[in-house]
Amino acid sequence: MNTIAFKGIDGSSPLGILAALGAMRVISFHDPKATMAWDCSATTHFPVIETKLTTDACLREIRLEALRIAGFPLDYSQRKQEITLEQK
């Protein structure tokens, strides 16, 4: 399992909580067994997601989802193939 700390997301604000939930939602599409917890050891709380996906794959999927929401067309069949290859 890969542990990814999203230290740029401030969990003390409602917007940060929503950002963490959005990241978890995108990652869980490709890894339904992914889990999220909060690291409270620093002055701000930030989400930590544990997943089978690599850090690069997670960040790429979050970026692609943001582009999709913004209205950019994406080829999902090619995207699924890339994710499947990285999990092995």
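This tour proceeds from the whole chain to its nonpolar core, then to its largest pocket and to selected residues.

**The whole chain**

Begin with the complete chain, bearing in mind that the model is predicted. Colouring by secondary structure shows three helices and three strands. Traced from the N terminus, these elements follow the order β-α-β-β-α-α. Next, display the surface of the chain: the accessible area is about 5700 Å², and carbon and sulfur atoms contribute 60% of that area. Of the 88 residues, 28% count as buried. A contact map would give a further view of the fold: among contacts with a separation of 6 or more, 55% join residues 24 or more positions apart.

**The nonpolar core**

Select Ile4, Phe6, Ile9, Ala20, Ala23, Met24, Ile27, Ala34, Ile49, Leu53, Ala57 and Cys58, and show their side chains; these 12 residues form the largest nonpolar core. Helix 1 and helix 2 each provide at least two members of this core, and helix 1 has the largest share, with four residues. In soluble globular proteins, nonpolar side chains tend to be buried together.

Within this core, centre the view on Ile27, a residue of helix 1. Is Ile27 buried or exposed? Its relative accessible area is 1%, which is under the 20% limit, and therefore Ile27 counts as buried. Beyond its neighbours within four places in sequence, Ile27 is in contact with Phe6, Ala34, Ile49, Thr51, Leu53, Cys58 and Ile62. A distance drawn from the C-alpha atom of Ile27 to that of Leu53 reads 8.2 Å, although the two residues are 26 residues apart in sequence.

Move next to Ile9, another member of the core. Apart from residues up to four places away in sequence, Ile9 touches Gly16, Ala19, Ala20, His45, Phe46 and Pro47.

**The largest pocket**

Now display the pockets. Rolling a probe the size of a water molecule over the atoms shows where empty space is left. The largest pocket has a volume of about 160 Å³. To see its lining, select Phe6, Leu18, Ala19, Gly22, Ala23, Arg25, Val26, Leu59, Ile62, Glu65, Ala66 and Ile69. Which helix gives the most to this lining? Helix 1 does, with six residues. Helix 1 (14-30) and helix 2 (55-70) each supply at least two lining residues. Coloured by class, the lining comprises nine nonpolar, one polar and two charged residues.

**Two lining residues on helix 1**

From the lining, select Val26, which is placed in helix 1. Val26 counts as buried because its relative accessibility is 6%, below the 20% limit. Excluding neighbours within four places in sequence, the contacts of Val26 are Glu61, Ile62 and Glu65. The C-alpha atoms of Val26 and Glu65 are separated by 7.3 Å, and the two residues are 39 residues apart along the chain.

Finally, select Gly22, also part of the pocket lining and likewise found in helix 1. Gly22 has a relative accessibility of 31%, which lies between the limits of 20% and 50%, so Gly22 counts as partly exposed. A line from the C-alpha atom of Gly22 to that of Ile62 spans 8.5 Å, with their positions 40 residues apart along the chain counted as separation. Ile62 is itself a lining residue of the largest pocket, and is in contact with Val26 and with Ile27.

Terms used. Residues numbered from 1 in each chain as written. Predicted model: local features only at pLDDT ≥ 70, side-chain atom pairs only at ≥ 80, totals over all residues. Heavy atoms only, no water. 1 Å grid on protein atoms, 1.4 Å probe; cavity = no way out; pocket = protein on both sides within 12 Å on 5 of 7 lines; lining within 4 Å. Points joined across faces, edges and corners; volume = space filled by probe spheres on them. Nonpolar A, V, L, I, M, F, W, Y, C, P; charged D, E, K, R; others polar. Buried < 20%, exposed > 50% of the residue type's maximum accessible area, 1.4 Å probe, protein only. Contact = heavy atoms within 4.5 Å. Areas by Shrake-Rupley, 256 points an atom, 1.4 Å probe, with all protein chains shown as cover. Core = buried A, V, L, I, M, F, W, Y, C linked by side-chain atoms within 4.5 Å.
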